[in-house]
Amino acid sequence: MSDLMQLEGPRHESSGKARALVVFLHGLGADGNDLISLAPLLAPLLPDTAFVSPHAPFPCDMAPMGRQWFSLQDRDPEVLREGVAGVTPSLNAFLDAELEKRGLSDDRLALVGFSQGTMTALHTALRRPRACAVVVGFSGALLTPEILGEEIASRPPVLLVHGDADPVVPFEAMAIAEEAMSLNGVPVAAYARPGLGHGIDQEGLQLCAVALVQHLFPETMAGAGDAAGTKSGS
């Protein structure tokens with residue numbers, strides 16, 4: 001336990017006892033303050049939900065400020081796999097502690113990642129022993145998809161959203177991730193955002209909101225369509 005890195009970051013707590021937990025994982029060169037700004041937009045749709053956005057544990061080594069979950073300077077797939085695997089135990093400990101102090105189980109947890117945060121969320125969630133409620137990944141990738149079948153431990157529903165004009169993380173990464181997860185029994189939905197670069201647009205945020213409501217508070221979704229785990233769209 002002493003080797004685990006302590007994660008912390010901004011929060012947007014529920015007014016009453018939390019019935020669900022949404023954890024944001026930011027991208028390279030940002031920090032937890034980046035995505036916590038989404039919490040006030042999502043909170044009205046997610047009653048009694050706590051939002052937490054931890055800062056990644058390492059200073060960014062590609063920018064003068066910001067944080068990173070692991071280094072991207074060496075893009076060798078094995079180096080990247082070792083990097084994300086190295087941070088997974090600390091993130092798991094953070095998630096477990098946040099759930100425990102609220103008396104929640106994994107099926108009340110949602111992960112929302114952007115870019116490197118998506119890479120980290122997918123790697124971690126698919127290897128946790130119990131499935132979380134849903135993973136939403138913007139503009140990211142599934143690292144070393146070819147070994148997922150050897151390591152997968154749970155199969156939460158996944159929503160992927162990616163701009164087809166992304167100059168940072170190739171748009172093709174979404175299809176690669178979708179195929180690998182589908183082959184391994186993960187319910188996945190993938191949505192392309194025409195003309196969008198490396199970012200989150202209003203349509204993507206709406207897809208995220210629907211997926212969170214659908215999987216955290218399904219009783220409120222009677223008659224509504226699925227946004228994660230059942231459909232691929234463009």
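Which residue's side chain does Glu78 meet in a salt bridge? The partner is Arg81, and the gap from N to O is 3.0 Å. This is a predicted model, and a good way to get to know it is to follow helix H3 and the charged pairs around it.

**Along helix H3**

Glu78 and Arg81 share helix H3, which covers residues 77-102, and they sit 3 residues apart, about one turn of the helix. Why does that spacing suit a pair? An α-helix has 3.6 residues a turn, so residues three or four places apart point the same way. Glu78 itself is partly exposed, because its relative accessibility is 36%.

Glu78 also takes part in the start of the helix through its backbone. Asp76 caps the N-terminal end of H3, with a side-chain oxygen 3.0 Å from the backbone nitrogen of Glu78.

Further along, H3 bends by about 35° at Thr88, and a proline, Pro89, follows within four residues. What of the span from end to end? With 26 residues at 1.5 Å a residue, H3 should span 38 Å, and the 37 Å between its end C-alpha atoms agrees with that. After the helix comes Gly103, which has a positive phi, near 70°.

**Salt bridges**

How many salt bridges does the structure hold? The count is 13. Three of the pairs are set out here.

| Acidic residue | Basic residue | N to O distance |
|---|---|---|
| Glu78 | Arg81 | 3.0 Å |
| Asp96 | Arg128 | 2.7 Å |
| Asp106 | Arg130 | 3.3 Å |

Take the pair of Asp96 and Arg128, whose side chains meet in a salt bridge. Asp96 belongs to H3, while Arg128 is in the loop between helix H4 (116-125) and strand E7 (134-138), so the pair ties together parts that are 32 residues apart in sequence. Are these two residues buried or exposed? Asp96 is partly exposed, at a relative accessible area of 36%, whereas Arg128 is buried, at 3%.

Now for Asp106 and Arg130, which also form a salt bridge. Asp106 is in the loop between H3 and strand E6 (109-114), and Arg130 is in the loop between H4 and E7, so this pair ties together parts that are 24 residues apart in sequence. Asp106 counts as buried, because its relative accessibility of 8% falls under the 20% limit.

Salt bridges can also join up into a network. Here, one links Glu8, Arg11, Glu13, Glu98, Lys101 and Arg102.

Technical notes: Residues numbered from 1 in each chain as written. Predicted model: local features only at pLDDT ≥ 70, side-chain atom pairs only at ≥ 80, totals over all residues. Heavy atoms only, no water. Salt bridge = Lys/Arg side-chain N within 4 Å of Asp/Glu carboxyl O. Helix = DSSP H or I, 4+ residues; strand = E, 2+ residues; numbered from the N terminus. Buried < 20%, exposed > 50% of the residue type's maximum accessible area, 1.4 Å probe, protein only. Expected span 1.5 Å × (residues − 1). Bend = angle between axes of the 7 residues up to and from the residue. Polar contact = N/O pair within 3.5 Å; in protein donor to acceptor, adjacent residues only side chain to side chain.
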